[in-house]
Amino acid sequence: MSEKIDQIVENLKTLTLLEASELVAKIEETFGVDASASVGGGMVMAAAPVAVEEVEEKTEFDVILTEVPADKKIAILKVVRGLTGLGLKEAKELVESAPKAIQQGAAKDAAEAAKKQIEEAGGKVELK
């Protein structure tokens, strides 16, 4: 890899989760892309038929804000804004209408990171 790419990767390693979320939102806005879309460009290899039925692991999750304590509302509102890229008014309406989906069809890692951020701010979250 080039020195420029290595430097960018090192800078990314120092970001907090909130900063990384804001970076994703800015990239989505700047380039008109959706980072939550699943990647389907790779090759798919067919596996040999197996006699035992395998359980399919869920890959997409909905992040549902289930409860917002009144004393934690502002902190949760800030996290929701960072995760969704919504304006203050829209994020406030979303938080006040809990239970409500914050993210839909998110990858497992992204959904777990969002859940952790909201829980650290004092909210209760479910992944479905």
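These exercises with worked solutions deal with helix packing, a pocket and a peptide bond in a predicted model.

**Exercise 1.** Determine how α3 and α4 are oriented to each other, and which residues bring them into contact.

*Solution.*
Step 1. Take the geometry: the axes of α3 and helix α4 (residues 88–96) come within 9 Å, and they cross at roughly 120 degrees.
Step 2. Classify the angle. Angles from 65 to 115 degrees count as roughly perpendicular and those over 145 as roughly antiparallel, with the rest oblique outside the roughly parallel range under 35. The pair α3 and α4 is therefore oblique.
Step 3. Note the handedness: the crossing of α3 past α4 is right-handed.
Step 4. List the contact. From α3 come Lys73, Ile76, Leu77, Val80 and Arg81, which meet Leu88, Ala91, Lys92, Leu94, Val95 and Glu96 of α4.
Step 5. Sort the contact of α3 with α4 by class: seven residues are nonpolar, four are charged and none is polar.

**Exercise 2.** Do the same for α3 and α5: find their relative orientation and the make-up of their contact.

*Solution.*
Step 1. The axes of α3 and helix α5 (residues 108–121) lie 8 Å apart, and the packing angle is about 160 degrees.
Step 2. An angle over 145 degrees counts as roughly antiparallel, so α3 and α5 are roughly antiparallel to each other.
Step 3. The crossing of α3 and α5 is right-handed.
Step 4. On the α3 side the contact uses Ala75, Ile76, Val79 and Leu83; on the α5 side it uses Ala114, Gln117, Ile118 and Ala121.
Step 5. In the contact of α3 with α5, seven residues are nonpolar and one is polar, with no charged residue.

**Exercise 3.** Describe the second largest pocket by its volume, its lining and the helices that supply the lining.

*Solution.*
Step 1. The second largest pocket holds about 170 Å³ of space.
Step 2. Its lining consists of Ser21, Glu22, Ala25, Lys26, Glu29, Lys78, Arg81, Gly82, Gly85 and Leu86.
Step 3. Assign the lining to helices: α2 (17–31) and α3 (73–84) supply at least two residues each. The largest share, five residues, comes from α2.
Step 4. Count by class: five lining residues are charged, three are polar and two are nonpolar.

**Exercise 4.** Identify the form of the peptide bond from Ala98 to Pro99, and place Pro99 in the chain.

*Solution.*
Step 1. Omega for the bond from Ala98 to Pro99 is near 5 degrees, and the bond is cis.
Step 2. For comparison, most peptide bonds are trans.
Step 3. Pro99 sits in the loop between α4 and β2 (100–107).

Note on methods: Residues are numbered from 1 along each chain as its sequence is written. This is a predicted model: local features need pLDDT of at least 70, side-chain atom pairs count only at pLDDT 80 or more; totals for chains, interfaces and linings use all residues. Side-chain values use heavy atoms; hydrogens and water are left out. On a 1 Å grid over the protein atoms alone, a cavity is a set of points where a 1.4 Å probe fits but cannot get out, and a pocket is an open set with protein on both sides within 12 Å along at least five of seven lines; lining residues have an atom within 4 Å of a point. Grid points are joined across faces, edges and corners, and a volume is the space filled by probe spheres set on the points. Helices (H or I, at least four residues) and strands (E, at least two) are DSSP runs, numbered from the N terminus. Axes are lines fitted to C-alpha atoms, for helices over the stretch in contact, and angles run from 0 to 180 degrees between N-to-C directions. A crossing is left-handed if the near helix is turned anticlockwise from the far one by less than a right angle, and right-handed if clockwise. Contact means heavy atoms within 4.5 Å. Ala, Val, Leu, Ile, Met, Phe, Trp, Tyr, Cys and Pro count as nonpolar, Asp, Glu, Lys and Arg as charged, and the others, Gly among them, as polar.
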